[in-house]
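Thank you for making room for this on the agenda. I would like to walk through one chain, starting with its overall architecture and then settling on a single strand and its surroundings.

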Amino acid sequence: MLVPMKGLLDTAQQGGYAVGSFDVVNLETCRAVLDQAVELRSPVIIAIPEHFGALCGFEELVAGVSRLAAPLPIPVATLLDHGRTYESCLRALRAGLTSVMLDCSVLPLAENIANVREVVKAAHALGVSVEGEVGHVGRGIVASEEALDHTRFTEVGEAVEFVRATGVDALAVAVGTAHGLYKGEPKIEFELLDRLTAAVPVPLVLHGGSSTGDERLRGAVEHGIRKVNIFTDMSVQAVANMQQLLAEEPRATVLNLFGVSKQAFADVSGHYMHLFGSVGRA
Ligand SMILES: [Zn+2]
């Protein structure tokens, strides 16, 4: 069934586990993640960055994802990942997502608060959950091998002020992870995470979960993270599966290729559901 993200994360908070938030690019990859969640009785978040709708249309992708999730016997939150503007969030509300993230983390705190507060007002009127970000989770290695890491660690006082002033339902924090692949070894600041967990009254979110390493991610959940975002690991595995198939079977069809990419999303998302402790919670 479709539910707002707030209920999923509040329950995870009580249970001491985290819910995986998996970005999907089409209906096949969405189906793969949802099938895993049903099989493992795990709550799950299906996330869609606005530009992932480029291939078939954002509204069309949201409609398809909602249609797949609605009849399932497990709770599924659907989320606009990294919405950049008020208009993006309204578009997501209209399309029917149950949750939105407004990421103004590169702006000064006062502007971040002012923008997110407006989205919270509109979203909460519709029963939709909102995620904000304080501090900034930067990017790891990009395609050019150039590190673009502009991570700014979250300050505890700013995080508390942000949540109080905006009324957000979940808060993304920067404690050492980065989006995409890493140049070196990531290092999570657990001491900072502990202070955030103690001070911030809403569930905490970790972006850039991919390639962070199982041990570090398990530690992050133990230290209070309640939502972990995963995309790159599924994407990398899907490409590897397709390359392997083409190497073994040069005449593979597009149906075969989509099939092995779907399998990658199932394998990787299932692995993380186990790691985050959400299996058996739905
Ligand atoms: Zn992110």
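**The barrel and its second strand**

What you have in front of you is a closed barrel of eight strands, in the order 1-2-3-4-5-6-7-8, with parallel pairing. From one strand to the next, the twist averages 25 degrees. I should say at once that this is a predicted model, and that every value I quote is computed from it.

On the outline of the chain as a whole, the secondary structure comes to ten helices and eight strands. The radius of gyration is 18 Å, close to the 19 Å that the globule rule gives for 282 residues, so the chain is as compact as a globular protein of that length. The C-alpha trace spans about 55 × 40 × 35 Å along its principal axes, and 47% of the 282 residues count as buried. If we take the contacts with a separation of 6 or more, residues 24 or more positions apart account for 69% of them.

Let me now turn to strand 2, which covers residues 44-49. On its one side, strand 1, residues 19-23, pairs with strand 2 in the parallel sense over three bridges; Phe 22 has Ile 46 as its bridge partner in strand 2, and Asp 23 has Ala 47. Together with helix 2, residues 27-39, these two strands make a right-handed β-α-β unit.

Strand 2 also runs parallel to strand 3, residues 76-83, and six bridges join the two; here the bridge partner of Ile 45 is Ala 77 in strand 3. The chain gets from strand 2 to strand 3 through helix 3, residues 58-69, and this β-α-β crossover, too, is right-handed.

Which residues of strand 2 are buried on one side, and which on the other? In a regular strand the side chains alternate between the two faces of the sheet. For strand 2, one side carries Val 44, Ile 46 and Ile 48, while the other carries Ile 45, Ala 47 and Pro 49, and all of these are buried, so that both faces are covered. Put as a count, six of the six residues in strand 2 are buried, where buried means that 20 or more other C-beta atoms lie within 10 Å of the residue's own.

That is the picture I wanted to leave with you: a strand covered on both faces, within a closed barrel of eight strands.

Key:
Residues numbered from 1 in each chain as written. Predicted model: local features only at pLDDT ≥ 70, side-chain atom pairs only at ≥ 80, totals over all residues. Buried ≥ 20, exposed ≤ 12 C-beta atoms within 10 Å, placed from the backbone. Helix = DSSP H or I, 4+ residues; strand = E, 2+ residues; numbered from the N terminus. Pairing = 2+ DSSP bridges. Right-handed = clockwise from strand over helix to strand, strands pointing away. Axes fitted to C-alpha atoms, helices over the stretch in contact; angles between N-to-C directions. Rg over C-alpha atoms; globule rule 2.2 N^0.38 Å. Contact = placed C-beta atoms within 7 Å.
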